[in-house]
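Thanks for coming. I'll take a few minutes to walk through one structure, starting from a single helix and working outwards. Here it is.

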Amino acid sequence: RAIIEWYYSLLKMHIVIQLNHPAHYHLFKNIRKKLLSASHKVDIIIRDKDILEQLLKEDNVNYSKITSRITKEMDKSKLHIIYNRIKDILQKDIRLLKKFRKSPPDLFIGTDISIAHVSKLLGKKNIILNEDDFKVNKEFCLLSYPFANYILSPNVCDVGIFRHKKVGYNGYQKLAYLSSEYFKPDVKILEKYIAQGVRY
């Protein structure tokens with residue numbers, strides 16, 4: 001194993017990690033640190049979602065923001081909603097393609113539809129993560145899985161007809177940052193929000 005790890009450490013890669021949600025920062029932050037410590041180049045791409053940008057700034061993580069102009073869906077017909085959704089995805093595809101066209105990364109990783117599209121257009125590999133069953137997250141699965149090289153998903157999750165692309169594991173995404181290797185509970189933080197001695 002040590003020889004294999006040494007060999008792969010010689011293969012320095014340019015990797016793009018796409019974050020769409022604050023939870024995704026926690027999902028990838030330890031992986032990112034390990035990749036950087038092995039001298040790989042890692043670019044973080046985000047969309048503007050809740051406190052995601054704030055988390056990155058607090059940890060002094062460099063990132064680029066590439067997001068579509070998500071259209072408000074209030075009082076719209078179903079056809080209009082579908083049209084706007086496709087338009088939003090295509091806008092993001094184009095922005096990602098423009099960013100990486102001249103210097104394509106070796107690998108795209110994330111939970112984003114556009115990285116599946118753009119990596120294929122650039123002739124590069126991608127790993128799509130998902131922890132929902134195909135029938136629960138149909139739009140994401142139908143628009144990303146056909147273009148995925150690998151689908152990283154818990155063993156308990158069903159990826160539908162794309163099971164030949166699945167790389168399964170015994171666990172859940174949250175364990176990437178809540179396992180005892182990384183997470184140490186601090187009761188003092190809990191005491192700020194829950195009164196001592198109170199049973200819930």
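Start with helix 2, which has 16 residues and spans 23 Å from its first C-alpha to its last, close to the 22 Å expected at 1.5 Å a residue. Before going on, please keep in mind that this is a predicted model. Helix 2 also has a kink of about 40°, and the kink is centred on F28.

Which residues of helix 2 are buried? They are P22, H24, Y25, L27, F28, N30, R32 and L35. F28 is therefore both the centre of the kink and one of the buried residues, given that buried means under 20% relative accessible area. As for what covers these buried residues, the cover includes strand 1, strand 2, helix 3, strand 4, strand 5 and helix 7. In numbering, strand 2 is 41-46, helix 3 is 52-58, and helix 7 is 175-178.

Take one residue from that list, N30, which sits in helix 2. N30 counts as buried because its relative accessibility is 10%, and the cut-off for buried is under 20%. If we leave aside neighbours within four places in sequence, N30 is in contact with A176, Y177 and Y182.

Now to what comes after the helix. Helix 2 is followed by S39, with a positive phi near 70°. S39 lies in the loop between helix 2 and strand 2, and it has this positive phi although it is not a glycine. As background, most residues other than glycine have a negative phi. N60 is also a non-glycine residue with a positive phi, in its case about 55°. The place of N60 is the loop between helix 3 and strand 3, which is 64-65. Is N60 buried or exposed? N60 is exposed, because its relative accessible area is 69% and exposed means over 50%.

Next, the empty spaces. How many cavities of 30 Å³ or more does a search of the whole structure find? The search finds one. The largest cavity holds about 40 Å³ of space. Its lining consists of I17, L19, Y25, F28, K29, R32, I44 and L56. Two elements give two or more residues to that lining: strand 1, which is 14-19, and helix 2, which is 22-37. Helix 2 gives the most, with four residues. By residue type, the lining of this cavity has six nonpolar residues, no polar ones and two charged ones. Note that F28 turns up here again, in the cavity lining, having already appeared as the centre of the kink.

Helix 2 also takes part in a pocket. The second largest pocket has a volume of about 430 Å³. It is lined by 13 residues, and those nearest its centre are I31, L35, L107, I109 and I127. The elements giving two or more residues to the lining are helix 2, strand 4 and strand 5. Here too helix 2 has the largest share, this time with three residues. The lining of this pocket divides into 12 nonpolar residues, one polar and no charged.

Let me move to another helix. Helix 5 is mostly covered, with seven of its nine residues buried. Those are I113, S114, I115, A116, H117, V118 and S119. They pack against strand 1, helix 4, strand 4, strand 5 and helix 6. Helix 4 is 78-100 and helix 6 is 138-144.

In the loop between helix 5 and strand 5 we find L122. L122 counts as buried because its relative accessibility is 18%, with the cut-off at under 20%. Apart from neighbours within four places in sequence, L122 contacts L97, F100, R101, P104 and F108. L97 is 25 residues away from L122 along the chain, and their C-alpha atoms are separated by 8.0 Å.

Finally, the chain as a whole. It has eight helices and seven strands. Of its 200 residues, 36% count as buried. Among contacts in the chain with a separation of 6 or more, 49% are between residues 24 or more positions apart.

To recap on helix 2: it is kinked at F28, it gives the most to the lining of the largest cavity, and it has the largest share in the lining of the second largest pocket. That's all from me.

Key:
Residues numbered from 1 in each chain as written. Predicted model: local features only at pLDDT ≥ 70, side-chain atom pairs only at ≥ 80, totals over all residues. Heavy atoms only, no water. 1 Å grid on protein atoms, 1.4 Å probe; cavity = no way out; pocket = protein on both sides within 12 Å on 5 of 7 lines; lining within 4 Å. Points joined across faces, edges and corners; volume = space filled by probe spheres on them. Nonpolar A, V, L, I, M, F, W, Y, C, P; charged D, E, K, R; others polar. Expected span 1.5 Å × (residues − 1). Bend = angle between axes of the 7 residues up to and from the residue. Buried < 20%, exposed > 50% of the residue type's maximum accessible area, 1.4 Å probe, protein only. Contact = heavy atoms within 4.5 Å.
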